[in-house]
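Colleague: Could you walk me through this one? I have a few things to ask once it is on screen.

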Amino acid sequence: MSKNIKITKGFDIRLAGSAAATQSPEVHPETYVIKPTDFYGIGRQKLLIQQGDQVKAGSPLFFDKNDERIQYTSPVSGEIVEVNRGEKRKILEIKILADKENSYVSFNKYDQSGIESLSKEDALQQLLSSGAWANIIQRPYAIVAKPGDSPKAIFVSGFDSHPLAPDYKVIFKEDETAFQAGLSILRKFTSGKVHLTVHADQPAIPMFSNAKGVQLNKISGPHPSGNVGVQIHHIDPINKGDIVWTVSVQGVICIGRLFTEGRYNTSKWIALCGSEIKNPKYYRVFAGASVNLLLKEQLKQNHVRVISGNVLTGERIAADGHMGYYHQQVTVIPEGDYQEFLGWILPSAKKLSFQRAFGLLSFLNPSSKEYVLDSNTHGEERAFVQTGVFEKVMPMDIYPMQLVKAILAKDYTEMEALGIYEVAEEDFALCEFVDVSKNDIQQIVREGLELMINS
Amino acid sequence: MKFLQHILHEQKKNFLPGGKLEKFYYAFEAIETLMFVPDSTTASRGVQVRDAIDLKRMMMTVIIAMIPCLLFGMWNVGHQHALATGAAMEFMDKMIFGAIQVLPIVIVSYGVGLGIEFGFAIMRKHPVNEGFLVTGMLIPLCLPATIPLWMVAIATAFAVVIGKEVFGGTGMNVLNPALTARAFLFFAYPAYMAGEIWTVLGDQKANLVNGYSGATALSIAYETSSSGQGEVVAAMNNSWSDGLFSFWNLFMGVVPGSIGETSTLMCLIGAVILIVTGVGSARIIVSVFAGGYLTGLLLNALAVNAFMALPAHYHLVMGGFAFGAVFMATDPVSGSQTNSGKWIYGFLIGAMCVLIRVFNPAYPEGMMLAILLMNVLAPLIDFYVVDANKKRRLKRATV
C-alpha cells in the first residue's frame with residue numbers, strides 16, 4: 001500500500017545560484033579528508049594508520065571503540081598526509097593525498113542472483129569491513145546504525161528539498177543497477193518494508209519508478225517534505241523502542257556498488273551552487289573532497305562563506321576546506337559580517353522572511369523570486385517570546401517549542417513524551433531559520449538526542 | 001552613517017572587558033544595536049542564513065498597531081473635556097489638549113520602565129530585551145488621563161520588577177506586565193481608578209455643563225441594574241449629553257474611559273495590523289470576541305436583571321473589551337502557547353469578562369481581571385493540549 005502524503009506546513013527558501021543541469025568534466029581534487037565528527041553516535045576512535053601510510057579506497061582508517069566491527073575507511077587511494085587532533089587528542093580529521101589513479105581494496109563481487117541469494121551475515125560482514133556501513137543511519141537519534149539491530153523498516157527519501165539541493169533527475173542517471181542492488185542488500189536487514197518516497201509533483205525518475213522490492217510513496221508540499229524524518233512520521237512513525245534505518249539515495253548506491261563492483265566507491269555528483277558562484281554546476285568527486293579546485297576561478301568575490309551542504313543544515317568550511325562525508329552540495333553565499341543602519345525597522349522586500357512583521361515585504365514578491373541571502377543573523381539572541389510560528393514550519397504532530405524547552409530543561413520524560421525519538425536536527429532547521437529570538441535550535445536538538453543516548 | 005558608526009566604534013572600547021565602563025556594556029550594546037543591526041553571523045554548524053525578522057521589529061509592529069488607539073485617545077481626552085465643560089474647541093485644540101495630558105504619562109512610563117530594564121540588564125549581565133517597548137505603551141493606554149504621574153511611575157516599577165523581573169525577565173513572566181501595572185493601581189489607589197475620574201476637567205470643575213456626570217457606560221449599566229428600574233440601553237440613551245452612549249458612539253469610542261481603550265474601531269484597526277503581520281494571534285482575538293458575544297447571548301436568555309438583559313453586542317464595545325482582546329490577551333508570553341489552547345484561552349477571556357461585569361459589578365472593568373485570571377490558567381490549558389498530543393503518541397505505540 002503506497003502512501004500519498006500531502007503536507008502544507010513548511011517553507012521553500014529560494015536562493016539564487018542553482019546548479020545548471022550540466023555535468024562538468026572530471027576534476028581531481030588533490031586531498032580528501034575524513035572527519036570522525038561527521039558520524040554521529042560514534043564512540044572514541046582507534047586509529048589504524050599513521051602519517052605516511054599508503055592506503056587504498058576501502059582501507060580502514062579507524063574503528064569505533066564501542067563496536068570494533070564498524071570500520072571507517074578511506075574514500076580514495078593515496079598517502080595519509082596529516083592526522084589533525086583537537087583537545088584530549090580527539091581526532092578531528094584525517095587527510096589523504098590522493099593518487100592520480102584511484103586503486104581499490106577488492107571485496108567480493110556478485111551478480112544479480114548472487115546478491116539475491118547472499119546471506120544477511122555475509123552482507124553485513126562486507127558492509128562493516130568496507131566502510132559502506134556508515135551510510136546507514138538509525139532513527140531514533142540519527143546516528144550510525146548498530147550492526148546487531150533489525151529495524152522495523154528502512155526509509156529512503158527520493159528527493160532533496162533543501163535550498164539549492166541537487167536535482168536527483170540530473171545526478172542519478174547512470175546508477176540504476178547499483179541502486180537496485182543496494183535496495184536488495186538493505187531488504188535483507190528488515191522484516192518490514194523498504195520505503196522509497198518521491199515528490200508527487202516532480203517528474204518521475206526511472207531509477208525510482210523501476211525500483212523493485214520497495215514501497216513507493218509520494219509526498220507533496222514544501223520543504224521539509226524531502227526530510228526522511230517527516231516521511232517516516234507520516235508513513236510509519238517511530239514509537240518508543242522502535243528502530244528504523246534511513247539511507248540516502250547516494251548511500252544506497254554506494255552500498256550497491258560495493259556488491260556489484262566489489263569495491264568501496266563513494267564517487268558522486270555534487271552541486272556547486274550559491275549566489276557567489278559564477279557558473280553553478282555539477283562535479284563528480286569522492287566523499288570528503290577538497291573544495292579548492294572546485295572553487296578555483298568560480299568565486300565572484302572573496303568575502304564569502306563556503307558551506308559544505310545546504311544553507312539550512314550545512315557546515316561552514318574554509319575556501320580550501322573539505323566536504324562532509326554525507327554532503328552532496330557546496331553552497332557559497334556572501335559573508336554577512338556588516339552592520340546595517342536601522343536595519344531592524346527599515347522596510348525591505350529584498351530580505352527574505354517567512355514572517356510578515358512591519359516592513360518585511362518579501363511575502364509580496366512572486367514565489368519564484370530567487371534571493372541572495374548572506375550569513376548575517378539579522379538580530380541578536382533573545383529569550384523565547386513568539387509562539388505559534390515553529391508549528392507553521394513543522395509538518396509533524398509534534399510541539400516543537402515544547403520539545404526544545406524540555407531539552408533545555410533536561411527533562412527526559414518530557415522529551416520522550418513529546419516525540420524526541422522521531423526527530424533529528426535537520427527537522428528543526430526551518431524552526432531555527434524563522435526563530436525571532438535567534439536561538440541555535442538544531443544544536444539544542446542534537447544535545448537532546450545526545451542526552452537521550454547517554455541516559 | 002560612517003561617522004556615527006565611527007563614534008560608536010570608538011566608544012565601544014570603553015565598554016569592552018578591561019574598559020573603564022565595562023559594567024555598562026549591555027546598556028551600550030542596547031543603544032548600539034538600536035542604531036545598527038550588529039554584524040554577527042550564523043554559527044558554523046546549523047542554519048547559515050537567518051530570517052530577516054528580529055524581536056525589535058516584532059515589538060515595533062505591535063507599537064505601530066497601537067498608534068491609532070493612541071492618537072484617537074489623545075483627541076478623545078480633549079473632546080471629552082470640551083463636552084463636559086462646554087468649551088468650544090477645534091480638532092487641533094482637542095489634540096493639543098489631549099497630548100498635553102497623555103504624553104507625560106507615556107514619557108513617565110517609558111522612562112521608569114526602561115530605566116529599570118537597563119538597570120537589571122547591567123546588574124544581571126544580560127542584553128536589554130525589547131519587551132518593554134510594548135509594555136511601556138500599553139500602560140498609558142489602559143489608564144485614565146487623570147492619573148497622577150507619580151502613580152504611573154510606581155505602577156510601572158511594580159509591573160517591571162514584580163510582574164516580570166522576579167520571574168527572570170522577558171519571556172518568563174506569568175502575568176501580562178501592563179495589566180499588572182493597572183491592577184496594582186486599581187487595588188492600591190481605587191479612588192484614582194474609578195468614579196468621576198475619566199474626564200479631564202482641569203481647572204474648569206466649577207463650569208461644567210448642565211447635568212454632567214462622569215459615569216461610563218459600564219457604571220450606567222450597573223446603576224440601572226441595581227436600581228431595578230428600566231433598561232440599560234434606555235438609560236444610556238438618556239445620558240447627560242445627547243447620544244453619548246449610543247452603540248455607534250461606543251463603537252467609535254467618543255466616550256469617557258481609559259486613554260486608549262474607548263474606541264473599538266481603532267482597536268480593530270490595530271487587530272488588522274497584528275493579524276496581517278502575523279504578530280498577534282488571530283485565534284485569540286476572534287475567540288475573545290466570540291466568547292464575550294456568546295456569553296452575552298446566554299445571559300440574555302436567562303436574564304433576571306437589566307444588566308443580564310443588555311444586548312450582547314454592547315459588551316464588545318463597552319469598556320476595555322476590544323483593547324484587551326487585541327493588545328493584552330495576545331501577549332505571547334503570558335497567553336496560551338499552543339494553537340488549540342489559544343482558542344480556549346481567548347474564548348474564556350471573553351466569557352469571564354462578561355460574567356465578571358454582570359455578576360460582580362464591584363469590578364466594572366471585567367476585562368482586566370479576566371485576562372489576568374486566564375494568564376494564570378494559560379499554562380494549565382497548554383498542559384492539557386500538549387498532554388493530548390503525548391497520549392496520541394502513546395496510543396499509536398500500542399496499535
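Colleague: Which residue of E1(B) is the bridge partner of A:Glu340?

Modeller: Happy to start there, with the reminder that this is a predicted model, where local features need pLDDT of at least 70, side-chain atom pairs count only at pLDDT 80 or more, and totals for chains, interfaces and linings use all residues. Residues are numbered from 1 along each chain as its sequence is written, while chains are lettered from A and ligands numbered from 1 in the order in which they are written. Strand E20 (residues 340-341) of chain A pairs with E1(B) in the antiparallel sense over two bridges (strands, E, are DSSP runs of at least two residues and helices, H or I, of at least four, numbered from the N terminus; pairing takes at least two DSSP bridges). Within E1(B), the partner of A:Glu340 is B:Val37.

Colleague: How many residues of chain B are in contact with chain A?

Modeller: Contact here puts the C-beta atoms, placed from the backbone, within 7 Å. On the chain A side, 63 residues take part, and on the chain B side the number is 54.

Colleague: And which elements of chain B give two or more residues to that side?

Modeller: One of them is strand E1 (36-37). The others are helices of chain B: H2 (25-35), H3 (55-85) and H17 (366-398).

Colleague: Why is chain B called as compact as a globular protein of its length?

Modeller: Chain B has 17 helices and one strand. The globule rule (2.2 Å times the number of residues to the power 0.38, with the radius of gyration taken over C-alpha atoms) gives 21 Å for 399 residues, and chain B is close to that, so it counts as compact, with a radius of gyration of 23 Å.

Colleague: Over in chain A, how many of the 12 residues of H4(A) are buried?

Modeller: A residue is buried if 20 or more other C-beta atoms, placed from the backbone, lie within 10 Å of its own, exposed if 12 or fewer, and partly exposed in between. Among the buried residues of H4(A) are A:Phe179, A:Leu183 and A:Ile185. The buried residues pack against elements of chain A including helix H7 (249-260) and strand E12 (193-199). The helix is largely enclosed by the rest of the structure, because the buried count is nine.

Colleague: How far apart are the C-alpha centres of domain 1 and domain 3 of chain A?

Modeller: An automatic or database domain assignment supplies the bounds. Domain 1 of chain A covers 4-13 + 107-260, and domain 3 covers 380-455. Their C-alpha centres are separated by 25 Å.

How values were computed:
Contact = placed C-beta atoms within 7 Å.
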